[in-house]
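User: Please take a close look at a single helix of this complex, and say how it sits among its surroundings. I would like one connected account that also places the helix in its chain.

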Amino acid sequence: MSEETSKLPKDIAAAEGKVNVQINGTWYQFPRGMRIIDACKSVGVHVPTFCYHPKLAIAGSCRMCLVEQGMPPRLAPGQAPSYDAQGYQHIQWMPRPIIACANTVCENMGIKTNSPLAEEVRAGVLEFLLANHPLDCPICDQAGECKLQEFSNDYGKLKGRYTESKTKKGKNLSVGPNINLDQERCVLCGRCIRFMRDIAKDPVLSFSQRGTHNAVTIYPGRELDHPYSMNVVDLCPVGALTSKDFRFKMRVWFLKETKSIDVNCGTGTNITIWSREEQVYRLTPRQNDEVNSCWMPDEHRLNYRFINSPQRIPQPVIRTDINAPHRASTWEPSFSALAEAIKRVPADQIAIIASGRMTNEELYMTRLLAEQIGTKHVDIVSRVKESDGMLISADRNPNTTGAQVILGLENPGSQLEMIRDGVQRGKIKAILCLGEDLTSPEAGFKAQDFENLNYLFVMDHTASDTARAADLVLPGVSFAEKFGTMINVTGRIQRLNKAIEPIGYAKDDWTILQSITKALGSNSPAMNAVSSMDILSLIGQEYAALENINWGRVGDCGLQVLETGVTIPLIEQEKNPQG
Amino acid sequence: MAFKTIKRPKISIGERFYLKALLGGLVITMKHLVLSIIGKSRSKKELGGSGIGVTMQYPEYRWDKHLPEYYRGYPVLVKGEDGRERCVSCQLCEFICPARAITIKPGEVPADSQWNKVEKAPVEFEIDMLRCIYCGMCQEACPEQAIFMSQGYLLTPTDKKAGVHNKAKLYELGGTKQGLVNKWNAYK
């Protein structure tokens with residue numbers, strides 16, 4: 001036997017800074033210092049938990065993750081350890097279970113998650129948690145995504161032995177503008193308390209009382225009104241903290257989950273869109289350690305109502321005569337009417353105002369349209385405000401970086417002033433406004449400016465003052481109704497997915513732009529594209545910064561394509577907690 | 001492989017040509033024929049008929065008294081003895097309904113209501129009776145004893161809209177049910 005093969009597993013593992021751990025009878029190697037729960041999770045062994053959360057401090061309060069653990073027996077003085085045929089020491093199982101979240105792995109450790117002891121203690125913990133649980137699942141919004149429901153189904157005893165009356169606590173308490181608290185449903189895991197203390201840095205929640213009366217409470221005279229407070233609703237494993245916005249709207253088992261990104265600012269927070277029958281019911285954050293960790297600001301979470309709002313434009317709208325009222329139209333005549341109108345105006349008198357809220361694919365089609373028309377007056381409306389020091393970026397456009405790359409704008413928003421001036425002085429006679437309201441403070445146009453124009457075209461999903469003044473309005477779609485990609489402030493390209501079908505007769509924005517460009521006689525390869533994925537592949541062929549990009553490569557968590565030097569404060573804080 | 005050789009049963013000529021079963025059937029038919037002719041058929045006594053033939057003379061005579069207890073008529077919503085609408089719009093019936101006949105719009109119980117500790121109640125509850133297949137799964141799924149398959153079967157909607165029972169109609173058909181478990185009692 002050579003020197004190599006006679007080495008013990010512990011030495012081989014130690015050379016890589018790892019340890020050998022036996023989980024349910026199989027040996028694995030894990031980095032030294034890893035939590036038992038993470039180790040189990042990484043090899044697909046499920047350990048039920050309430051209080052453990054990978055982004056929060058360890059509390060070890062719920063006792064749900066109890067597992068059976070064993071170590072090699074302590075040696076007598078002078079006794080040499082003995083190894084079995086595979087080179088592992090004998091494991092002596094401890095009579096007392098340990099919690100997997102607050103203990104780390106070590107050499108030759110044994111873990112059992114499915115032994116009779118582990119199963120018994122789990123059932124025991126659940127019985128205690130359910131002793132005072134109100135069992136009002138039929139009226140609880142968490143039903144269907146409730147850990148207590150799942151675990152009592154998987155590990156519980158299904159029958160209560162507790163015949164005494166249950167402890168009464170506060171129910172349906174309003175603790176903040178967006179949150180309701182039900183103390184009876186609480187399992188006292190303390191995730192909300194740790195989030196408010198460590199992440200939100202606004203410690204308004206705490207435990208009060210003792211024993212069976214122990215309950216989560218809000219500091220007297222304070223409200224849970226932090227701009228990130230609704231994350232505690234996601235964190236709560238049971239229905240103790242529920243969202244007022246989503247309260248009794250729909251049961252979660254009806255909702256379809258679509259992975260997408262938030263379009264309210266340049267961070268591009270990863271989200272899940274929850275929809276049913278072409279109606280969006282809520283948005284929740286989706287874990288992405290490079291973008292938003294597990295969190296999301298409330299303001300962005302609640303900004304979804306415009307998707308199914310009655311203000312949406314359901315079909316093309318045209319004005320055939322000056323001062324005539326708008327009337328409904330259809331797609332094909334609208335495209336030809338627009339192409340004719342564009343041809344009547346000299347190219348240098350046409351301006352295209354695109355939007356930093358458009359996807360890369362739409363911006364690419366905008367560029368093709370501008371090239372087909374031959375105008376150089378192309379810009380986006382910039383929205384720079386202040387960052388909140390957590391997740392909300394200073395740039396409130398979700399895709400300014402994309403606009404810089406695709407449209408080649410060095411300083412987005414800098415031409416807008418010139419265009420506005422051109423309109424007022426009569427040098428610009430037609431505006432193609434794509435997904436923006438020009439009368440908004442960011443764009444700075446006034447209603448009387450539009451009187452100087454010969455032609456105003458608007459493509460937008462929602463009615464606005466600009467759309468009301470337009471000669472032709474073509475209805476695009478909101479972020480929940482389209483596929484596409486955006487590049488966030490850090491230079492990460494991320495995907496939007498379609499959750500619902502377009503409202504009414506609305507069409508995907510990129511197809512509208514494609515049809516207009518086609519009507520103007522373009523024969524670019526993008527005219528044959530059938531999906532926004534095709535456009536993305538074309539972008540990958542054309543731009544050096546996005547070389548070989550395609551839908552599959554971007555993936556659910558995005559792909560870092562550029563180095564912009566911008567960072568997301570919350571993520572930096574998470575990576576260097578001291579700094 | 002584990003298999004067992006079994007012996008085929010011996011079948012006589014009579015059995016092979018179904019003679020016994022055919023004759024047995026004929027006897028029953030003849031019995032009904034004779035009873036009908038002399039005006040003493042079962043329908044006279046049990047179905048309130050004329051005694052000629054075994055057919056019930058619907059709609060003058062109806063099944064109602066002859067329905068078994070487990071008969072599944074159209075589904076209805078019921079109120080408890082305390083007058084509370086029992087449904088809390090948990091939407092389990094909507095989920096289980098194989099014909100997707102049920103549509104519920106959940107809502108909140110107003111704070112000034114006597115039953116505001118129940119928190120949740122349906123704003124609208126619709127059962128499309130043109131879709132309903134009377135399977136009774138809604139009753140089985142209901143955790144609140146709120147929806148029941150009634151003994152009613154007389155539904156003659158004159159248009160599609162009338163075929164959809166709304167909340168008011170369902171409570172009207174269901175009425176009050178006695179002897180249900182009161183989960184939302186004083187101790188809740």
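Analyst: What follows looks at helix H13 of chain A, then at the chain around it, and lastly at chain B. The model is a predicted one, and the predictor assigns the complex an ipTM of 0.86 together with a pTM of 0.90.

Helix H13 takes in residues 509–519 of chain A and is mostly covered, since eight of its 11 residues count as buried. The buried set opens with the pair Asp509(A) and Trp510(A), continues with Ile512(A), Leu513(A) and Gln514(A), and is completed by Ser515(A), Ile516(A) and Thr517(A). A residue is called buried here if 20 or more other C-beta atoms lie within 10 Å of its own. As a background point, an α-helix has 3.6 residues a turn, so residues three or four places apart point the same way.

The cover over these buried residues includes both helices and strands of chain A: among the helices are H8 (331–344), H9 (360–373) and H14 (532–542), while the strands include S20 (455–460) and S21 (472–475). After H13(A) comes Gly521(A), which has a positive phi near 95°.

Turning to the chain as a whole, the secondary structure of chain A amounts to 16 helices and 24 strands, and 46% of its 579 residues are buried. Of the contacts in chain A with a separation of 6 or more, 68% are between residues 24 or more positions apart. The C-alpha trace of chain A spans about 95 × 70 × 40 Å along its principal axes.

Elsewhere in chain A, an open sheet of three strands follows the order S22-S23-S24 with antiparallel pairing. Its edge strands, each of which pairs on one side only, are S22 (484–487) and S24 (559–560). Strand S23 (residues 492–496) joins S24(A) in the antiparallel sense through two bridges, and Ile493(A) stands opposite Leu559(A) of S24(A).

Another antiparallel pair in chain A is made by strand S9 (residues 205–208) and strand S10 (residues 215–218), which four bridges join. Phe207(A) has Val216(A) in S10(A) as its bridge partner. Six residues lie between the strands of this hairpin, where Gln209(A) adopts a positive phi near 65°.

As for chain B, its average pLDDT is 90, with 96% of the residues scoring at least 70. The domain assignment divides chain B into domain 1 (13–64) and domain 2 (75–174), and the centres of these two domains, taken over C-alpha atoms, are 41 Å apart.

Notes: Residues are numbered from 1 along each chain as its sequence is written. Chains are lettered from A and ligands numbered from 1 in the order in which they are written. This is a predicted model: local features need pLDDT of at least 70, side-chain atom pairs count only at pLDDT 80 or more; totals for chains, interfaces and linings use all residues. Domain bounds come from an automatic or database domain assignment. pLDDT is the predictor's confidence in each residue, from 0 to 100. A residue is buried if 20 or more other C-beta atoms lie within 10 Å of its own, exposed if 12 or fewer, and partly exposed in between; C-beta atoms are placed from the backbone. Two residues are in contact if their C-beta atoms, placed from the backbone, lie within 7 Å. Two strands pair if DSSP finds at least two bridges between them.
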